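Morning, everyone. I'll walk through one model today, interfaces first, then the ligand, then a few backbone details. Please have the structure open.

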Amino acid sequence: MLMNSLIMALGIALGKIVISLLSAFAIVYFNFPGRRFFFWMIFLTLMLPVEVRIVPTYQVIANFGMLNSYSGLIFPLIASATATFLFRQFFMTVPDELTEAARVDGARPMQFFWDILLPMSRTNIAALFVILFIYGWNQYLWPLLITTDPEMNTIVMGIKQMFPSGDDVADWPVIMATSILAMIPPIIIVISMQKLFIRGLVDSEK
Amino acid sequence: MEKRVKFKGWRLPMLLLLPQLVVTVVFFFYPAGQAVWQSMFISDPFGLKSQFVGLGNFEFLLADKFYRASFITTAIFSGLTTLVSMGAALYLAVLADRLIKGSGAYRTLLIWPYAVAPAVAGVLWLFMFNSRVGVVTWYLGLMGYDWNHVLNDNEAMGLVVVASSWGRISYNFLFFLAGLQAIPKSVIEAAAIDGAQFWTRFRTIVFPLLSPTTFFLLVVNIVYAFFETFGVIHTITSGGPQQATTILVYKVFSDGFVGQDLGSSAAQSVILLVIVGALTIFQFKFIERRVHY
Amino acid sequence: MATIKLGNLKKSFGKTEVIHGIDIDIDEGEFIVIVGPSGCGKSTMLRMVAGLETITSGEVQINGARVNELEPMDRNIAMVFQNYALYPHMCVFDNMAYGLKIAKMPKPEIAERVRAVAEMLELEEYLQRRPRELSGGQRQRVAMGRAIVRKPDVFLFDEPLSNLDAKLRVQMRLEIKELQRSLAVTTLYVTHDQVEAMTLADRMIVMNDGIADQIGAPLDVYENPATAFVAGFIGSPATNFFGADELTVSQNKALTAALNDAERAALDQPATMIGIRPEHLQICEPNGACLTLTVNYSEALGAETLIHGKLPKGTAITIRQNGRLPLPEGGQELSAVWSEHSVMVFEQNGRRV
Ligand SMILES: Nc1ncnc2c1ncn2[C@@H]1O[C@H](COP(=O)(O)OP(=O)(O)OP(=O)(O)O)[C@@H](O)[C@H]1O
Ligand SMILES: [Mg+2]
């Protein structure tokens, strides 16, 4: 279960960071037909969590045969614009002159992205990683729905499975031990990366 | 706001945008569209046939007393959760802001609950209030109070509110603290020189200056209470007793997955979508205005 | 080294035209300064040469070849920005080497070149530092180093000194001039500071609202401004302007004595302006042929004194005189005489007659 949680949290954090870096770069640094349309299309998802469209999303995943799979766990949670929005905000603060200097130096768009934009975004990426990792780790409803196979359970949702159905007495020591195990990784991350965490939180929401 | 410098070409940016577009369309727009589509059908219990009913599901829902009750439950639950978590956070933030030394340690102490999943928080609180082994229940019993949230509506609601607010305090605290620290000290000092006492200063200067933060948190917390608290409710009360803690999301889940009433569940999703959509637009308008001053 | 030719160069942003057609031929190794007030289109023009701004119409040629459609790097230019635009996450060495790396130059050669330039700019000690660990002057040098290291055909500077304090600005000004002399690279340099323009330029372009009012060597421009705008902008304090109708008959006669026929004819037009530089006025004994003015106040600057006063009809007049001369007081009536051949006549549209 810990392994599943880890894969899910990492998958969500990395996946979201990669696709939103790319799309934010496209939206901020290029002028192409339909740019505004795509922009709004992506930002419409900004505040609508999976929970709102949970049933149809479940059906989509089921149709793709992605129940009980990591990709089924990860992809629907990536479909949100929060990270894209954060990177967009950050890219807007990068001075135009830097881009121009890079152009004069002969950098192609992707070279500029790799050599300049990406290294400059390092702290933002790290901060966002912390936030997204915790977000992914703490998911409950979604894994509850799509992982029917105990092999695929994440630890946070696994706890609930330990409660007996009916009138049996709950095995509290085991439940509490599991809860603590589920709490520890994110708590360690939050406390040890406090500065990054706070920054990621405050920046990504504003 | 636009960049002065743009690269040319459209192939590369489309390529860059593609992953996000695919994910967004497949896992967001397609299901959201499905929700709207399904909300206009009713299917028989075996899912073999479905019949077009237009807005029938919505009419049915709005007439349904359980759904209306769930609306009120959600309103009470979100209102209380937002109030408790923001109130406590503001209080703690004001204390932390006045600390000159040691505010770092104080912060560390306060932020870790954020890392605890709502579902896990639910389990922890359930443990403390459990009728057989719960510490708090035991103490309350000693004082002559018989706590039983499994049977008592209000106690159940109280418990889910507390459990939901608890982890959220960290989050609100961080934003309030950041907001407080952004207020120029000179403004407060000027008021102090004018003879304003702490409480007067807070009410007339600090709180108004904090209002953008407060407003932002209000919206975010309502959205949180609407959705992310599912884990808390599912672990603690499972919506009971007698649906006393069945908030809208929980009802989507229980009607859709437990009850297999897809049409109704889809219609409920659409209603939620509209509510959150409205909140988002509201928020955006506000952010835009805030950018200007 | 390269020649540059701008042919009827125009730029519009949307519907507003901001550059209205600039023509100039620049020789190899020439130092051209573009000077003008804020918003007149200096940066826009420079950026069109750089390839950072599209050209609405007209042509930019480098070494006789049209470059309108080329990317900045294919024009073989290098640019120094006002805020330096150093890559914040790269050390000085990498900042200077980035362009060469992209051009796929072999590593040893890059190291060689960067070291040579660093030595020339006295930056050797700082090669491993990040930009934020440098002083303003050092950053400025790194920005120049980044330009030099690529051995471009053309240097483009956009107000490179405006973020420095006054003293450093003078020092860097000298360094830039020396460097440009020794490298003999054709240079376009934008500034709004006329002192920089006067000291650096082989020729300068005085821009006024998207038009090149005058192109010429600094002293020629100073001595012979083509328009009232140039006369007012170049030289400090600014040229005094007043109308012919503010003169008495005898003053008018004395003034016109040194003018040519065309100028004399122009003075009959009502809106014609007369311009005399403050340094070309001198206090004298009252006589009917002098200007008469009432002193408002005097500024003693040490080496020189500026006397601010006004003509009987109220037009402000400044006189610049040696600091040793006695200081006139406010309210005092003075007479001032102009030096010969220093009187300029401008038509209503600002053109010099
Ligand atoms: N991207 C743009 N879009 C629209 N108008 C622009 C743009 N860039 C510049 N302008 C306008 O073009 C004119 C010339 O601008 P430019 O930056 O060339 O002035 P400048 O002479 O460099 O001024 P400064 O000394 O302040 O740098 C200004 O009126 C400016 O408002
Ligand atoms: Mg400029």
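Chain C meets chain A with 22 residues, and chain A answers with 18. Keep in mind that this is a predicted model. The two chains bury about 1,800 Å² between them. Carbon and sulfur atoms give 58% of that area.

What about charge across this contact? Three salt bridges are counted between chain C and chain A. One of them to look at pairs D105(A) with R150(C). Their closest N and O atoms sit 3.7 Å apart. The cut-off for a salt bridge here is 4 Å, so D105(A) and R150(C) qualify at 3.7 Å. On top of that, eight residue pairs are in polar contact between chain C and chain A, with both partners at pLDDT 80 or more.

Which elements of chain C supply at least two residues to the side that touches chain A? Strand 6, residues 77-80, and helix 2, residues 92-102. By class, that side of chain C splits into 14 nonpolar, four polar and four charged residues.

Next, chain B against chain A. Here the contact takes 76 residues from chain B and 85 from chain A. The buried area is about 7,800 Å², and 77% of it is on carbon and sulfur atoms. In chain B, the residues that lose the most area to chain A are K3(B), F7(B) and F27(B). Together they make up 11% of what the chain B side buries.

How many salt bridges does the rule find between chain B and chain A? Zero. Polar contacts do turn up: nine residue pairs between chain B and chain A, again with both at pLDDT 80 or more.

Many helices of chain B give two or more residues to the side touching chain A. Among them are helix 1 (11-38), helix 7 (153-182), helix 10 (211-227) and helix 13 (262-292). Helix 1 of chain B gives the largest share, with 20 residues. Sorted by class, the chain B side has 51 nonpolar, 17 polar and eight charged residues.

A word on chain A itself. Chain A has twelve helices and zero strands. Its C-alpha trace spans about 70 × 40 × 25 Å along the principal axes.

On to ligand 1. What surrounds ligand 1? The shell is F13(C), V18(C), S38(C), G39(C), C40(C), G41(C), K42(C), S43(C), T44(C) and E159(C). Class by class, that is three nonpolar, five polar and two charged residues. Helix 1 of chain C, residues 42-50, gives the most to this shell, with three residues.

Now the backbone around ligand 1. A polar backbone atom of G39(C) is 2.8 Å from an oxygen atom of the ligand. For G41(C), a backbone N or O atom lies 3.0 Å from a ligand oxygen. For C40(C), the corresponding distance is 3.3 Å. The cut-off for a polar contact is 3.5 Å, so the 3.3 Å of C40(C) falls inside it.

How much of ligand 1 does the protein cover? Taken on its own, ligand 1 has 630 Å² of accessible area, and the protein covers 59% of that.

Last topic: two backbone details in chain C. Most residues other than glycine have a negative phi, and most peptide bonds are trans. Both of the following go against that.

Which bond is cis? The peptide bond joining S236(C) and P237(C), with omega about -5°. P237(C) sits in the loop between helix 8 (228-233) and strand 11 (240-243) of chain C.

Then there is N8(C). Its phi is near 45°, a positive value in a residue other than glycine. N8(C) belongs to strand 1 of chain C, residues 4-13.

To recap the interfaces: about 7,800 Å² buried between chain B and chain A, with zero salt bridges. Between chain C and chain A, about 1,800 Å², with three salt bridges. That's my part. Questions are welcome.

How values were computed. Residues numbered from 1 in each chain as written. Chains lettered and ligands numbered in written order. Predicted model: local features only at pLDDT ≥ 70, side-chain atom pairs only at ≥ 80, totals over all residues. Heavy atoms only, no water. Contact = heavy atoms within 4.5 Å. Buried area = accessible area lost by both parts, 1.4 Å probe. Salt bridge = Lys/Arg side-chain N within 4 Å of Asp/Glu carboxyl O. Polar contact = N/O pair within 3.5 Å; in protein donor to acceptor, adjacent residues only side chain to side chain. Helix = DSSP H or I, 4+ residues; strand = E, 2+ residues; numbered from the N terminus. Nonpolar A, V, L, I, M, F, W, Y, C, P; charged D, E, K, R; others polar. Near = heavy atom within 4 Å. Areas by Shrake-Rupley, 256 points an atom, 1.4 Å probe, with all protein chains shown as cover.
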